[in-house]
Amino acid sequence: MMSDDDIVLVISNAPDLLLAKRIAHVVVEDGLAACVNLGAPMLSIYTWKGEVEGAEEVPMWFKTTAARMDALMEAITRLHPYEVPEIIAVPIIGAAQPYRDWVREQTALRETGH
């Protein structure tokens, strides 16, 4: 069972670098992820509606906490153009304490003043 302050790696892909940068900027600005790494474009091969297809995609790795994971996944879905975007979460079983503290600090619920 995960606790809210456990660190989680959320993985997704974007169809191009511009959208990947936009998604990354929005979720970091909103405190849903502490950091997002964007990888080099890669070829994804998959079956969609009965056809094998291939598309170049930009991998995205989001570092967040279990408490923010669902909101992060909802934001990625909202910002993503795919009907069924890949969004998966992987628990982190170990991380350096200063990094864990930093991720937790960056994703802590913030007072908005509204």
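How many residues lie between S3 and S4 in their hairpin? I started my notes here: the hairpin of S3 and S4 has two residues between the strands. I should say at once that I am working with a predicted model.

**Entry 1: the turn**

I looked up Lys49 next, which sits in the loop between S3 and S4. Its phi is positive, at about 50°, although Lys49 is not a glycine. That caught my eye, because most residues other than glycine have a negative phi. I then asked whether Lys49 is buried or exposed. Lys49 counts as exposed because its relative accessibility is 65%, and the cut-off for exposed is over 50%. For a sense of place, I took the C-alpha distance from Lys49 to Val27: the two are 30 Å apart in space and 22 residues apart in sequence.

**Entry 2: the whole chain**

I stepped back to see the overall layout. I counted three helices and five strands in the chain. Their order along the sequence reads β-α-β-β-β-α-β-α. Along the principal axes, the C-alpha atoms fill a box of roughly 45 × 35 × 25 Å. The chain has 114 residues, and 37% of them are buried. I also checked how contacts spread over the sequence: of those with a separation of 6 or more, 72% join residues 24 or more positions apart.

**Entry 3: strands around S4**

Which strands pair with S4? I went through them one at a time. S1 (7–14) runs antiparallel to S4, and eight bridges join the two. In that pairing I noted Asn13, which stands opposite Pro59 in S4. S2, residues 35–38, also pairs with S4 in the antiparallel sense, over four bridges. There I found Leu38 opposite Met60 of S4. S3, residues 42–48, is antiparallel to S4 as well, with seven bridges. Within this hairpin pair, Thr47 has Val52 in S4 as its bridge partner, and Ser44 has Ala55 in S4.

**Entry 4: H1 against H2**

I turned to the helices. Two packed helices are described by the angle and the distance between their axes, so I looked up both. The axes of H1 (residues 17–29) and H2 (residues 66–79) come within 10 Å and cross at roughly 145°. I noted the handedness too: the crossing of H1 and H2 is right-handed.

Which residues in H1 meet H2? On the H1 side I listed Leu19, Arg22, Ile23, Val26 and Val27, and on the H2 side Leu72, Ala75, Ile76 and Leu79. By type, the residues of this contact are eight nonpolar, no polar and one charged.

**Entry 5: H2 on its own**

I checked the length of H2 against expectation. From first to last C-alpha, the 14 residues of H2 reach 20 Å, close to the 20 Å expected at 1.5 Å a residue. Then I asked which residues of H2 are buried. My list is Ala66, Arg68, Met69, Leu72, Ala75, Ile76 and Leu79. I followed these buried residues outward, and they pack against S1, H1, S4 (51–65), strand S5 (87–91) and helix H3 (97–107). Leu72, Ala75, Ile76 and Leu79 are thus names I wrote down twice: they are buried, and they meet H1.

**Entry 6: Leu19 up close**

I closed with a residue from the helix contact. Leu19 is found in H1. Is Leu19 buried or exposed? Leu19 counts as buried, because its relative accessibility is 15% and the cut-off for buried is under 20%. Leaving aside residues up to four places away in sequence, Leu19 touches Leu79 and Pro81. Leu79 was already on my list of H2 residues that meet H1. Lastly, I looked up the separation of Leu19 and Gly39: 20 residues in sequence, and 13 Å in space from C-alpha to C-alpha.

Conventions. Residues are numbered from 1 along each chain as its sequence is written. This is a predicted model: local features need pLDDT of at least 70, side-chain atom pairs count only at pLDDT 80 or more; totals for chains, interfaces and linings use all residues. Side-chain values use heavy atoms; hydrogens and water are left out. Axes are lines fitted to C-alpha atoms, for helices over the stretch in contact, and angles run from 0 to 180 degrees between N-to-C directions. A crossing is left-handed if the near helix is turned anticlockwise from the far one by less than a right angle, and right-handed if clockwise. Contact means heavy atoms within 4.5 Å. Ala, Val, Leu, Ile, Met, Phe, Trp, Tyr, Cys and Pro count as nonpolar, Asp, Glu, Lys and Arg as charged, and the others, Gly among them, as polar. The expected span of a helix is 1.5 Å times one less than its number of residues. Buried means under 20% relative accessible area, exposed over 50%, partly exposed in between (1.4 Å probe, protein chains only). Two strands pair if DSSP finds at least two bridges between them.
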